[in-house]
Amino acid sequence: MNVKQHINEYDLLILGAGINGSMLYRIATDSSKKVLLLDKNDFASGSSQASGMMVWGGILYLQNFEFNLVRKLCKARDRLIKYSKHVYTRRFSYTFLKNSERSFFIMRAGLALYRILGLLKRGKTKCFANNKLPFNWSKTLFKGGLSYEEGFLKLSDSQFTLDWIFRQNATESKAYNYTNIQSIEWEEKENHFKILFINYEKVKTTVYAKSIVNTCGIWADNVNKQFNIQTKASHHLSKGVYLLLNNPKTQKDAFVVDMEENNDTLCWVPWGNTIMWGPTETSIISEKELPVTKEDVTFLLDKLNAKLKNKISKSDIINVRTGIRPLVKQNDNEVKYSLDLSRKAIFESNKKIPWHTVFGGKLSGGLEFSNEVYYKIFKESPNPINFNSTVQAPTTNEFYNGIELPDVDWTVKNTQVRCLDDYLRRRTNIAQWIPVGGLGFKNEYLHDIMKISELIHCSKSEAEFDFKKYTETQRKERTTWEN
Ligand SMILES: Cc1cc2nc3c(=O)[nH]c(=O)nc-3n(C[C@H](O)[C@H](O)[C@H](O)COP(=O)(O)OP(=O)(O)OC[C@H]3O[C@@H](n4cnc5c(N)ncnc54)[C@H](O)[C@@H]3O)c2cc1C
């Protein structure tokens with residue numbers, strides 16, 4: 001029997017459009033479910049815009065003997081490499097410092113085990129000599145290294161995330177950014193939730209959903225609290241910062257080097273015209289600690305300069321990148337160093353009402369994990385995903401000295417660009433690849449930014465307001481860590 005669904009009733013409401021929410025959205029819509037995805041801010045504006053963009057099997061977690069997690073992450077990595085146009089294989093080279101405490105043979109054995117856990121899908125481990133190190137690195141400090149294969153994102157983590165939401169064929173499902181949820185009530189008789197939210201245009205809308213999944217990343221705990229949902233798990237917050245440095249084009253290979261603290265490592269990863277150097281790993285209490293500080297920058301610069309022949313300074317930094325890892329915490333045990341915490345994702349369902357919460361997780365393992373989440377909610381396996389249904393934006397060469405960018409009008413109409421930050425930071429990599437968030441070291445791109453703002457906004461005054469807000473924010477953020 002076909003039960004008629006109310007026009008505003010959804011099979012699933014997903015709160016939070018980071019990688020976890022977006023992948024689940026795609027899986028559920030490809031399985032003919034009617035889904036509503038709501039984000040408080042822009043899609044992918046949380047941790048999913050600040051990652052290291054590695055689609056990896058989590059080799060670092062072998063040191064905590066997390067074999068099952070690594071096996072799962074390897075499987076997820078290899079599936080994305082095979083099917084997603086966003087992911088390509090890339091060699092990462094682990095470099096041995098001369099004073100390193102890590103044994104070459106143990107590392108080699110670890111990499112062999114890593115490859116076996118990945119069912120030998122990735123290329124063989126290779127030794128390399130010091131002459132393969134980045135040109136400015138002080139070769140005398142190293143004794144070669146070992147390179148192994150992982151996946152890496154072609155464009156960016158936020159564009160990868162957005163691509164799970166927007167697709168060619170219209171479905172009954174809907175995704176909205178910049179929404180504000182006013183209330184959620186469980187209606188026992190009707191067996192559904194009643195949700196009142198205000199959309200971007202300030203229109204109040206009432207919808208119904210049979211189930212809710214909270215995929216709000218580091219904000220998930222607060223959202224649960226707001227709607228009186230008790231959970232056993234919660235999040236530990238770990239801040240991670242990268243510096244973006246100039247890439248003199250010759251650099252293609254990615255390197256990993258010991259941090260020489262806490263058994264951790266730092267990565268040197270070419271990305272577009274930049275090199276990403278980091279990340280830091282700092283336990284924090286609240287998202288208020290997200291902005292990059294002088295201490296973050298000094299830490300990373302000192303670690304890098306100790307390895308360079310020609311030292312670099314703060315003024316060489318093109319941009320910074322900061323985010324918070326949502327790590328699962330099962331109880332109130334004290335966390336010594338957040339790398340000791342598992343990077344797995346877990347799923348918790350409320351016993352009384354169909355409200356579920358996702359804790360932790362990574363870009364890399366998101367797809368497999370979201371399949372599991374789907375299975376647990378709908379008690380059936382999802383359909384295979386159609387990887388080819390993503391939308392391709394037309395391009396423009398009008399801005400930034402003719403570089404190819406997605407057409408502004410098109411992104412506004414098709415991907416809900418509401419302000420400059422959405423376009424410059426998440427629909428393109430301008431805010432990361434061009435100095436000072438796209439302004440240029442000498443403000444040489446202000447004119448381009450204003451023209452883009454005029455295309456985004458209907459009125460001149462709105463365009464000017466957004467331009468002022470964006471440029472002031474970029475300058476202020478830089479001043480916080482530079483001066
Ligand atoms: C420095 C760093 C490096 C990393 N490197 C890697 C890597 O190389 N590879 C990898 O696989 N992973 C990496 N990660 C981990 C990965 O980025 C995160 O685990 C992942 O992005 C988390 O995604 P999420 O969907 O859970 O959360 P988020 O991306 O944070 O999404 C949560 C969303 O919820 C929204 N939201 C918040 N409150 C509400 C509300 N009340 N209502 C509705 N929506 C709300 C937010 O706006 C946000 O869009 C890294 C993380 C960091 C910080």
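Into which domains is the protein chain divided? The division gives domain 1 (9-47 + 158-231 + 350-388), domain 2 (85-153 + 236-324) and domain 3 (395-482). The views below are all taken from a predicted model.

**Figure 1. Domain 1 and domain 3 of the predicted model and the contact between them.** Domain 1 is assembled from the segments 9-47, 158-231 and 350-388, whereas domain 3 covers 395-482. Taken over C-alpha atoms, the centres of domain 1 and domain 3 are separated by 29 Å. To the contact, domain 1 gives 14 residues and domain 3 gives 11 residues.

**Figure 2. Surroundings of K33 in the loop between α1 and β2.** The flanking elements are α1 (19-30) and β2 (35-38). K33 counts as buried because its relative accessibility is 18%, and the cut-off for a buried residue is under 20%. With neighbours within four places in sequence left aside, the contacts of K33 are D11, A28, S173, Y374, F378 and E380.

**Figure 3. Helix α4, a largely enclosed element.** Helix α4 comprises residues 157-165. Of its 9 residues, 9 are buried, so the helix is largely enclosed by the rest of the structure. The buried residues of α4 are D157, S158, Q159, F160, T161, L162, D163, W164 and I165.

**Figure 4. The salt bridge between D78 and R77.** The structure holds 24 salt bridges, one of which joins D78 to R77 with the closest N and O atoms 2.9 Å apart. Both partners are classed by relative accessible area: D78 is buried at 10%, and R77 is buried at 2%.

**Figure 5. The salt bridge between R102 and D258.** The closest N and O atoms of R102 and D258 are 2.9 Å apart. This pair links distant parts of the chain, the two residues being 156 residues apart. R102 belongs to the loop between β4 (87-97) and α3, while D258 belongs to strand β12. R102 is buried, with 18% relative accessible area, and D258 is buried as well, with 8%.

**Figure 6. The salt bridge between R122 and E149.** The side chains of R122 and E149 meet at 3.0 Å, N to O. Distant parts of the chain are again linked, here 27 residues apart. R122 is placed in the loop between α3 and β5 (126-128), and E149 in strand β6 (residues 142-153). Their relative accessibilities are 14% for R122, which counts as buried, and 18% for E149, also buried. Elsewhere, salt bridges that share partners join D42, D421, D422, R426 and R427 into one network.

**Figure 7. D253 in the loop between β11 and β12.** The loop that holds D253 runs between β11 (234-246) and β12 (254-258). D253 is partly exposed, its relative accessible area being 40%. Although D253 and R90 are 163 residues apart along the chain, their C-alpha atoms are separated by 7.9 Å. When residues up to four places away in sequence are not counted, D253 touches W268 and P270.

**Figure 8. A nonpolar surface patch made by F65, F67 and L113.** The area of this patch is about 310 Å². L113 is part of helix α3 (residues 104-117). At 34% relative accessibility, L113 counts as partly exposed, because this class lies between the cut-offs for buried, under 20%, and exposed, over 50%.

**Figure 9. The cysteines C419 and C458.** A disulfide is a covalent bond between the sulfur atoms of two cysteines. How many disulfides does a search of the whole structure find? The search finds 0. C419 is in no disulfide, and the nearest cysteine sulfur to its own is that of C458, 14 Å away. C458 is likewise in no disulfide, with the sulfur of C419 as the nearest cysteine sulfur. The cut-off for a disulfide is a pair of cysteine sulfur atoms within 2.5 Å, so the 14 Å between C419 and C458 does not meet it. Is each of these cysteines buried or exposed? C419 is buried, with a relative accessible area of 18%, whereas C458 is exposed, with 82%.

Technical notes:
Residues are numbered from 1 along each chain as its sequence is written. This is a predicted model: local features need pLDDT of at least 70, side-chain atom pairs count only at pLDDT 80 or more; totals for chains, interfaces and linings use all residues. Side-chain values use heavy atoms; hydrogens and water are left out. Patches are made of residues with over 30% relative accessible area and no salt bridge: like charges are joined within 9 Å, nonpolar side chains (Val, Leu, Ile, Met, Phe, Trp, Tyr) within 5 Å. Accessible areas come from the Shrake-Rupley method with a 1.4 Å probe; for residues, only the protein chains shown count as cover. A salt bridge is a side-chain nitrogen of Lys or Arg within 4 Å of a carboxyl oxygen of Asp or Glu. Helices (H or I, at least four residues) and strands (E, at least two) are DSSP runs, numbered from the N terminus. Buried means under 20% relative accessible area, exposed over 50%, partly exposed in between (1.4 Å probe, protein chains only). Contact means heavy atoms within 4.5 Å. Domain bounds come from an automatic or database domain assignment.
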